[in-house]
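The following account leads the reader through a structure by way of its surface, its pockets and its charged pairs.

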Amino acid sequence: MREVSSRPLKPEQPLSFCLLRVPFFLEPEYPTDESFAETNRERLIRKWGGKEAFEAQKRRHRLKERGQEVGIKHFNLDRQASSTLASHRLVQWGTKKYGVT
């Protein structure tokens, strides 16, 4: 941001902007209990209404191909998914304590 502000492409038209972070939960109903465990595959199958519907969704949106186009060789659907409440709190704490740069 500093670079863009200090060296605008058109000096006669300086650029100014602000950044607003609006956190949200993709899965707001996720249990925050640390004992809760679910893989991303399980979550997406549940979200889309079953294995068949999830497979159709993957084909429809070409998720694998689109990932490969941007360099994602393998997306691990079997890794654990969990509530992101703690990470949201950490980002909020860091932003309040140190600001956003």
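In what follows, a patch is made of residues with over 30% relative accessible area and no salt bridge, and nonpolar side chains are joined within 5 Å. The model under discussion is predicted. In this model, Val4, Leu15 and Phe17 make a nonpolar surface patch of about 250 Å². One of these residues, leucine 15, belongs to the loop between helix 1 (2-6) and strand 1 (38-39). Leucine 15 is classed as partly exposed because its relative accessibility is 45%.

Attention may now turn to the pockets. The largest pocket holds about 610 Å³ of space. Its lining comprises 22 residues, and those nearest the centre are Lys58, Leu63, Lys64, Phe75 and Leu77. Helix 2 (40-48), helix 3 (51-61) and helix 4 (63-69) are the elements that each give two or more residues to this lining. Helix 4 provides the largest share, six residues. By character, the lining of the largest pocket divides into 10 charged, seven nonpolar and five polar residues.

The second largest pocket contains about 320 Å³ of space. It is lined by 18 residues, with Leu26, Glu27, Tyr30, Ser82 and Thr84 closest to its centre. Here the elements that contribute two or more residues are helix 2 and helix 5 (85-98), and the largest share, three residues, comes from helix 2. The lining of the second largest pocket consists of nine nonpolar, six polar and three charged residues.

The charged pairs remain to be considered. Side chains of opposite charge can pair when their charged atoms come close. The structure contains four salt bridges, among them the one between arginine 46 and glutamate 38, whose closest N and O atoms are 3.0 Å apart. How do the two partners stand with respect to exposure, buried or partly exposed? Arginine 46 has a relative accessible area of 48% and is therefore partly exposed, whereas glutamate 38, at 9% relative accessibility, counts as buried.

A further salt bridge joins the side chains of glutamate 55 and lysine 58, at 3.3 Å from N to O. Both residues lie in helix 3, three residues apart, which is about one turn of the helix. Glutamate 55 is partly exposed at 26% relative accessible area, and lysine 58 is likewise partly exposed, at 24%. Lysine 58 is also among the residues nearest the centre of the largest pocket.

Arginine 62 and glutamate 69 form another salt bridge, with 2.8 Å between the closest N and O atoms. Arginine 62 counts as partly exposed at 38% relative accessibility, while glutamate 69, at 57%, counts as exposed.

Definitions and conventions. Residues numbered from 1 in each chain as written. Predicted model: local features only at pLDDT ≥ 70, side-chain atom pairs only at ≥ 80, totals over all residues. Heavy atoms only, no water. Patch = residues over 30% accessible without salt bridge, like charges linked within 9 Å, V, L, I, M, F, W, Y side chains within 5 Å. Areas by Shrake-Rupley, 256 points an atom, 1.4 Å probe, with all protein chains shown as cover. Helix = DSSP H or I, 4+ residues; strand = E, 2+ residues; numbered from the N terminus. Buried < 20%, exposed > 50% of the residue type's maximum accessible area, 1.4 Å probe, protein only. 1 Å grid on protein atoms, 1.4 Å probe; cavity = no way out; pocket = protein on both sides within 12 Å on 5 of 7 lines; lining within 4 Å. Points joined across faces, edges and corners; volume = space filled by probe spheres on them. Nonpolar A, V, L, I, M, F, W, Y, C, P; charged D, E, K, R; others polar.
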